[in-house]
Amino acid sequence: MINDRVGLRRNRRRSEVRFTSKPRRYSRSTSASFGFSSDEGSDFQCRRDGRKSWSRCRSPVTFQVGEGIHTFRVRLQASSPPAVWRWTVDRTPPRPTAIPVPHSAFQRHRWFTVAWRGVDRLSGVKSFDLRSVISSYEGGTRRHPLWLEGTQSTGTSLRGRPGFTYCFRGRTRDRAGNVSALSRPATCTAIPVDDSAFIHRGPWAKRRRPGNYLGTVSSTSKRGATLSLPAVRAARLALVATTCQRCGRLKAYWKGSLVKRVDLHSPRTRKRRLILLAARRKARVGSVRLVVTSRRKPVRIEGLAASAR
C-alpha cells in the first residue's frame, strides 16, 4: 500500500525535461522534430507512439510519421516522469460544407436563415468560408467571392430584397489548415417580388392587408383581368396568392406559353400560399402574365417568386 502511494507521487511529479521545439498540435507535416533539454543532465531516453521500449536519444530528434494521432515521450532516467507531447497529423481535406438551410427554393418572408455545417475526421473543423451570388429577376447579378471568411459560426439570418435570388456555397477549413472544395451545387432561395410590381389591367383593387406578403394584395373578381411582369429571368416560378373557399381560377403564361392552370379554392382561407408555376433546368427570360378565368369569384395575388436556379 505504501509502495503504491509512492508510485502515485512519482507519477504526479513534474518532468525534469522541457521541450524547446515540437510540432504544432495540429499539423499537415509528416516530419516530426523535437528539441528538448534539462538542467539535471543530458542522458535522455525517448519513446514514441505505441512502442513499449525506451531508447537512448539526443536533442534534436527527427522522424517521419503518417496521418493520425501521435505521442512522443522523453525522460532523463527510468525513475523520472517523462515530458509528453501529443499531436495530430492531418493531410486530408474536410468534406465540402453542407448548407441544409434554406431548404426551400422560395421564401414567404423577407427574413430567412442560412445554416451550414462541416465534418473533419481527424483534426476537427476550425472555420468556414461562405460565398454568395445574388441575382435579380430582371437579370442583374452581384457576386461576393467571400461573403463570410474564417467564420466559426454555423448560421446567420439575412433580410432579403424582393425579386432577388440568393445562392450560397461554402468550404470548410480544419485545424491543420486543410481546406475543402466549395460545396456543389449551390443552395438557393428566392424572395418574391411584391404584387405592386405587376402591370395591372382591368378592375384590380390594390389593398394593404396584414398577413399578406409584405402587407399588400391585388384583388379582382373580373374574368379577363390580367397582371403582367415583363422580362422575367428565372428557372423556376411560383405564385404567391391567397386561397379560400370561394376563390376563383387563373391561367399563368410565360413567354407566351401556358405553364399552369391555377385553382385558388381551398377549404379555409390561407394567405401567402406558394404555388409552383414552372420549373426549368436553365434560366430563361420572358414576360409572365396572369389571366383570371373565373367569374365573380375573388382572385387575390400577393406576389411572384422567380428563382434563378
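# Charges, bridges and unusual backbone

User: Does Arg295 count as buried or exposed, and what is its relative accessibility?

Analyst: Arg295 counts as exposed, because its relative accessibility is 59% and the cut-off for exposed is over 50%. Please keep in mind that this is a predicted model.

User: Where does Arg295 lie?

Analyst: It lies in the loop between β23 (270-292) and β24 (299-307).

User: Which residues gather with Arg295 in a patch on the surface, and what is the charge of that patch?

Analyst: The patch is one of positive charge, and Arg295 shares it with Lys222, Arg223, Arg246, Arg249, Arg296 and Lys297.

User: Let me step back. How many strands are there in the chain?

Analyst: The chain has 24 strands, together with one helix. With a radius of gyration of 32 Å, the chain is well over the 19 Å that the globule rule gives for 309 residues, so it is more spread out than a compact globule.

User: What box do the C-alpha atoms fill?

Analyst: Along the principal axes, the box is roughly 100 × 45 × 25 Å.

User: And how much of the chain counts as buried?

Analyst: Of its 309 residues, 44% count as buried.

User: New topic: salt bridges. How many does a search of the whole structure find?

Analyst: The search finds five. In general, side chains of opposite charge can pair when their charged atoms come close. One of the bridges joins Arg18 and Asp39, whose closest N and O atoms are 3.2 Å apart.

User: Where are Arg18 and Asp39 in the chain?

Analyst: Arg18 belongs to strand β1 (residues 18-21), whereas Asp39 sits in the loop between β3 (31-37) and β4 (44-48). The two are 21 residues apart, and the pair links distant parts of the chain. Arg18 counts as partly exposed, at 41% relative accessibility, and Asp39 counts as exposed, at 63%.

User: What about Glu67, which side chain does it meet in a salt bridge?

Analyst: Glu67 meets Arg121, with 3.3 Å from N to O. Glu67 is in the loop between β6 (61-64) and β7 (68-75), and Arg121 is in the loop between β10 (111-117) and β11 (125-136), so the pair ties together parts that are 54 residues apart in sequence. Glu67 is partly exposed, with a relative accessible area of 34%, whereas Arg121 counts as exposed at 63% relative accessibility.

User: Which residue forms a salt bridge with Asp129?

Analyst: Arg173 does, and the closest N and O atoms are 2.8 Å apart. Asp129 is in strand β11 and Arg173 in strand β14 (residues 164-174), so far as their places go, with the two positions 44 residues apart in the chain. Arg171 also takes part: salt bridges that share partners join Asp129, Arg171 and Arg173 into one network.

User: Is Asp129 buried or exposed?

Analyst: Asp129 is buried, because its relative accessible area is 1% and the cut-off for buried is under 20%. Arg173 counts as partly exposed, at 21% relative accessibility.

User: Let us turn to the backbone. Which residues does a cis peptide bond join, with omega about 0°?

Analyst: That bond joins Ser59 and Pro60, and Pro60 lies in the loop between β5 (55-57) and β6. Another cis peptide bond runs from Arg184 to Pro185, with omega near -5°. Pro185 has its place in the loop between β14 and β15 (187-190).

User: Why point these out?

Analyst: Because most peptide bonds are trans, and most residues other than glycine have a negative phi. The second part concerns Ala231, which is not a glycine but has a positive phi of about 50°. Ala231 is found in strand β20 (residues 226-243) and counts as partly exposed at 43% relative accessibility.

User: What is phi of Lys255?

Analyst: Phi of Lys255 is near 55°, also a positive value in a residue other than glycine. Lys255 is in the loop between β21 (249-254) and β22 (257-263), and it is partly exposed, with a relative accessible area of 46%.

User: One last item: how many residues apart in sequence are Arg236 and Ser307?

Analyst: They are 71 residues apart in sequence, while in space their C-alpha atoms are 5.1 Å apart. Arg236 lies in strand β20 and is partly exposed, with a relative accessible area of 28%.

Key:
Residues are numbered from 1 along each chain as its sequence is written. This is a predicted model: local features need pLDDT of at least 70, side-chain atom pairs count only at pLDDT 80 or more; totals for chains, interfaces and linings use all residues. Side-chain values use heavy atoms; hydrogens and water are left out. Patches are made of residues with over 30% relative accessible area and no salt bridge: like charges are joined within 9 Å, nonpolar side chains (Val, Leu, Ile, Met, Phe, Trp, Tyr) within 5 Å. Accessible areas come from the Shrake-Rupley method with a 1.4 Å probe; for residues, only the protein chains shown count as cover. A salt bridge is a side-chain nitrogen of Lys or Arg within 4 Å of a carboxyl oxygen of Asp or Glu. Lys and Arg count as positive and Asp and Glu as negative; His and the chain ends are not counted. The place of a charge is taken as NZ of Lys, CZ of Arg, CG of Asp or CD of Glu. Helices (H or I, at least four residues) and strands (E, at least two) are DSSP runs, numbered from the N terminus. Buried means under 20% relative accessible area, exposed over 50%, partly exposed in between (1.4 Å probe, protein chains only). The radius of gyration is taken over C-alpha atoms; the globule rule is 2.2 Å times the number of residues to the power 0.38.
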